[in-house]
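Colleague: Before I use the labels in this entry, could you take me through the reasoning behind some of them?

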Amino acid sequence: MKIGFIGLGRMGKNIVLNLLEHGITVVAWNRSPQPREELKQEASQLKSGSENLTISETTDELVKSLGTLRVIWLMVSADAMDTVLGDLTPKLSEGDLIIDGGNSFYQETLRRAKELSEKGIHFMDVGISGGVEGARHGACMMAGGSKEDFEKTEPVLRAEAAPGAYGHLGPVGAGHFAKMVHNGIEYGMMEAIGEGAAILKYSDFNFDLKEVFRVYNNKSIIDSRLVDWTLKELNEDPDLKTISSVIGSAGGAGKGKAEAHWTIEIADKMGIDVPVIKAALAVRENSDKDKEDSPSGFRNKVVAAMRWQFGRHPVKKS
């Protein structure tokens with residue numbers, strides 16, 4: 001299968017490399033040239049699949065390279081999505097399909113799908129979890145769209161996903177809605193791990209946190225990727241001295257609201273109380289008020305360390 005791909009940041013570049021290795025032909029473009037060059041260089045080092053990559057210098061070139069009945073995957077921030085669509089859609093034809101693989105608010109996804117449908121352009125939303133390593137070696141993918149469009153793109157989703165880690169969750173908007181709730185859950189889980197680590201560290205038992213988390217990470221009830229990522233950071237830096245205690249909570253590129261904000265807003269409208277997610281978000285938003293060398297500061301560092309592990313979010317001190 002041949003697809004277009006726009007957006008070669010940390011996630012986008014790794015998705016493309018993974019698709020190439022799985023036999024998907026990709027025509028890629030990024031607004032700034034450096035990510036294009038980085039992709040070209042890394043693709044040349046693949047054992048197989050590099051021949052399936054074409055890098056375009058313009059979106060016009062990308063669209064022309066795809067022929068007819070195009071499928072184009074957008075991996076750009078929610079803030080940039082309308083700008084990219086504004087440039088791209090006049091170049092497309094009826095029956096073409098766009099996939100939004102970013103973290104857009106599902107109501108914006110519904111609006112965009114409606115606007116594009118009036119032009120005969122199909123639209124899907126795919127929420128992606130697993131961080132940069134998941135993007136490279138197999139992610140979890142939550143797809144929203146028509147059954148027809150899902151079946152059309154399933155070879156690409158199957159190639160990018162870890163075994164069994166993708167599904168058609170409903171009509172347009174369902175993928176981004178599911179990812180929004182996923183991230184709200186993630187906030188609560190990460191906060192609980194951070195709080196537990198701080199209690200252990202400041203107890204009277206002088207715990208070796210590396211050993212505690214090694215044990216936690218072997219068949220316990222809380223054994224998880226989050227615990228594993230915490231252990232990796234503790235192994236590298238037991239006191240997390242290189243991690244900032246200020247935790248980010250904003251949306252794409254550090255701007256605006258993130259999925260946890262949206263989860264809380266939707267839950268409130270539905271009359272569902274979500275105290276854990278609210279508390280976890282409040283901790284992040286107020287983390288700049290906690291002293292770095294305090295128990296609360298260490299709690300924050302644990303959360304920030306997990307964010308660094310899965311998404312390379314900017315929490316490392318310079």
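**Ring pairs, charges and exposure**

Modeller: This is a predicted model, in which local features need pLDDT of at least 70 and side-chain atom pairs count only at pLDDT 80 or more, while totals for chains, interfaces and linings use all residues. Residues are numbered from 1 along each chain as its sequence is written, and side-chain values use heavy atoms, with hydrogens and water left out.

Colleague: Why is the pair of Phe5 and Trp73 called tilted?

Modeller: Rings of Phe, Tyr and Trp (its six-membered ring) pair if their centres lie within 6.5 Å, and planes under 30 degrees apart count as stacked, over 60 as edge-to-face and the rest as tilted. The centres of Phe5 and Trp73 are 5.4 Å apart with planes at 40°, so the pair is tilted.

Colleague: Why does Phe5 count as buried or exposed?

Modeller: Buried means under 20% relative accessible area, exposed over 50%, and partly exposed in between (1.4 Å probe, protein chains only). Phe5 has 0% relative accessibility and therefore counts as buried; Trp73, with a relative accessible area of 0%, is buried.

Colleague: Why is Ser50 called partly exposed?

Modeller: Its relative accessibility is 29%, so Ser50 counts as partly exposed.

Colleague: What makes Arg284 a charge over the ring of Tyr187?

Modeller: The rule asks for NZ of Lys or CZ of Arg within 6 Å of the ring centre and within 35 degrees of the ring normal. The charged end of Arg284 sits over the Tyr187 ring, 3.6 Å from its centre, and that of Lys201 sits over the ring of Phe298 at 5.0 Å from the centre.
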